[in-house]
Number of protein chains: 2
Amino acid sequence: MLFRTKGYDAVSMDEVSKTAEVGTGTLYRHFPTKEALYDAVLEAWAERVNSAVERALTLDASARDQLLAWLTAYSAMLTEHKGAAARITAALGDPGSPFAAKCQTYLGANQRIIEALSPALRPDVDAMQISRLVGGVAAVADNSEIPADAVQAMLGVVADGLVASEKDSLPVRA
Amino acid sequence: MLFRTKGYDAVSMDEVSKTAEVGTGTLYRHFPTKEALYDAVLEAWAERVNSAVERALTLDASARDQLLAWLTAYSAMLTEHKGAAARITAALGDPGSPFAAKCQTYLGANQRIIEALSPALRPDVDAMQISRLVGGVAAVADNSEIPADAVQAMLGVVADGLVASEKDSLPVRA
DNA sequence: TTGCAAAACGGAGACAGTCTCCGTATAGTT
DNA sequence: AACTATACGGAGACTGTCTCCGTTTTGCAA
């Protein structure tokens, strides 16, 4: 679709309606706002989230690497549509957002990860925190055209931070 | 100023020109774009960056806690004006941006931190990476109205991730 | 002081978005 | 076939950034 290649901001509703060969009025009857339309566009691939979780968890690797695999997949999905990462991440706490359903999916996925890897993770992580952390990374990756390995490195830092227990790092004096 | 309280997007140039009691034309002669105006507004407090670095480094604490102190201060500065974090972080790699000068300041500050704490940090960190990581955290904090302690927890994760060496975490099998 | 050139000003309006409103066409029912 | 209800389309209302140009002010020399 248009949004995929050009990004949310660069596509006008006029353009969409022309491409779809309908009037703008018709478009707005189906989707009350531009964001609602975008939400519908994002619907399909959001469903792949849960399978990505399973795939990461069945990996024969350390907890840290399973986590990293998930974070990478998650971030890749968020980055797939330009502008999506920031929008979805911003909507995480807002039940009124058009993206609320997607946020629930994502939070649930991270919850599943936490439960599966729990003993290896620091005790105070929660799904919201992980969602925000990788949402943040994905958002900057999205609008700065960062090379893939730089994104990977950032996610590595986050993964390490999430497995590191606080007790380990605190008493190490400089 | 207006931007500080209402945020970049919520302030129109008409509003600025009215408040300043000048015509929009006059406004645009002084500042060629809205972003350039915003850059000028941000000028003053960007200068506080370097002193924040020094303050963090003179703290009598572990490398991790010095790092965290700096990340906290840095993030707080980015969040001080609504909308600034995302903008500045997005401009990090773009020398043509109006914010390029500020990005240099920030990158330099992170470079200083890296040099000071280097033995305690993972070997592959660079200033750009830190800037992006905390820029990402600050950006989501900025447009999700996150409580301060949640932001602090996320920065803690990042700080731990930055001090954790890769060798430690990789061989730990689940 | 007066005259004049140059610079600064102000705001109307060009342009580009999102979204609404309403006249028209289409489909469904008896 | 007539009538009603529903869907359509696009003009235009509204709001934003930024430009253009006629007017005012300023600075300087005679």
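## Surface near DNA strand C

In this predicted model, 14 residues lie around DNA strand C, and the nearest of them are Met13(A), Lys34(A), Gly25(B), Thr26(B) and Arg29(B). Of the atoms of DNA strand C that come within 4 Å of the protein, 54% belong to sugar and phosphate. By class, the surface near DNA strand C comprises eight polar, four nonpolar and two charged residues.

Two elements each contribute at least two residues to the surface near DNA strand C: helix 3 (24-30) of chain A and helix 3 (24-30) of chain B. Helix 3 of chain B provides the largest share, with five residues.

## Polar contacts with DNA strand C

Two of the polar contacts with DNA strand C involve phosphate oxygens and residues of chain A. A polar backbone atom of Met13(A) is 2.7 Å from one phosphate oxygen of the strand. For Lys34(A), the contact is made by the side chain, with an N or O atom 2.6 Å from a phosphate oxygen of DNA strand C.

A base is also contacted, from chain B. Here a polar side-chain atom of Thr24(B) is placed 3.2 Å from a base nitrogen of DNA strand C.

## Surface near DNA strand D

DNA strand D likewise has 14 residues around it, of which Gly25(A), Arg29(A), Met13(B), Tyr28(B) and Lys34(B) come nearest. Sugar and phosphate make up 53% of the atoms of DNA strand D that come within 4 Å of the protein. The class composition of the surface near DNA strand D is four nonpolar, eight polar and two charged residues.

Several polar contacts reach this strand. A backbone N or O atom of Met13(B) is 2.8 Å from a phosphate oxygen of DNA strand D. At the bases, a polar side-chain atom of Thr24(A) lies 3.2 Å from a nitrogen of DNA strand D, and a polar side-chain atom of Thr24(B) lies 3.5 Å from a base oxygen of DNA strand D. Helix 3 of chain A and helix 3 of chain B are the elements that give two or more residues to the surface near DNA strand D. For this strand, the largest share, five residues, comes from helix 3 of chain A.

## Relation between chains A and B

Chain A is superposed on chain B by a rotation of 180 degrees with 0.0 Å of shift along the axis, at an RMSD of 0.0 Å. The two copies are therefore related as by a two-fold rotation axis.

The interface is consistent between the copies: 100% of the interface residues of chain A are also interface residues in chain B, so the copies meet through the same surface.

## Met77(A) and helix 6

Met77(A) belongs to helix 6 of chain A, which covers residues 63-80. Met77(A) is buried because its relative accessible area, 6%, is under the 20% cut-off. Leaving aside residues up to four places away in sequence, Met77(A) touches Trp45(A), Arg48(A), Val49(A) and Ala52(A).

Between Met77(A) and Ala150(A), the sequence separation is 73 residues and the C-alpha to C-alpha distance is 17 Å.

## Helix 9 of chain A

Helix 9 of chain A spans residues 127-142, a run of 16 residues. From its first C-alpha to its last, helix 9 of chain A reaches 22 Å, close to the 22 Å expected at 1.5 Å a residue. The helix is mostly covered, with 15 of its 16 residues buried.

Conventions. Residues numbered from 1 in each chain as written. Chains lettered and ligands numbered in written order. Predicted model: local features only at pLDDT ≥ 70, side-chain atom pairs only at ≥ 80, totals over all residues. Heavy atoms only, no water. Near = heavy atom within 4 Å. Polar contact = N/O pair within 3.5 Å; in protein donor to acceptor, adjacent residues only side chain to side chain. Helix = DSSP H or I, 4+ residues; strand = E, 2+ residues; numbered from the N terminus. Nonpolar A, V, L, I, M, F, W, Y, C, P; charged D, E, K, R; others polar. Least-squares fit on C-alpha atoms with pLDDT ≥ 70 in both. Contact = heavy atoms within 4.5 Å. Buried < 20%, exposed > 50% of the residue type's maximum accessible area, 1.4 Å probe, protein only. Expected span 1.5 Å × (residues − 1).
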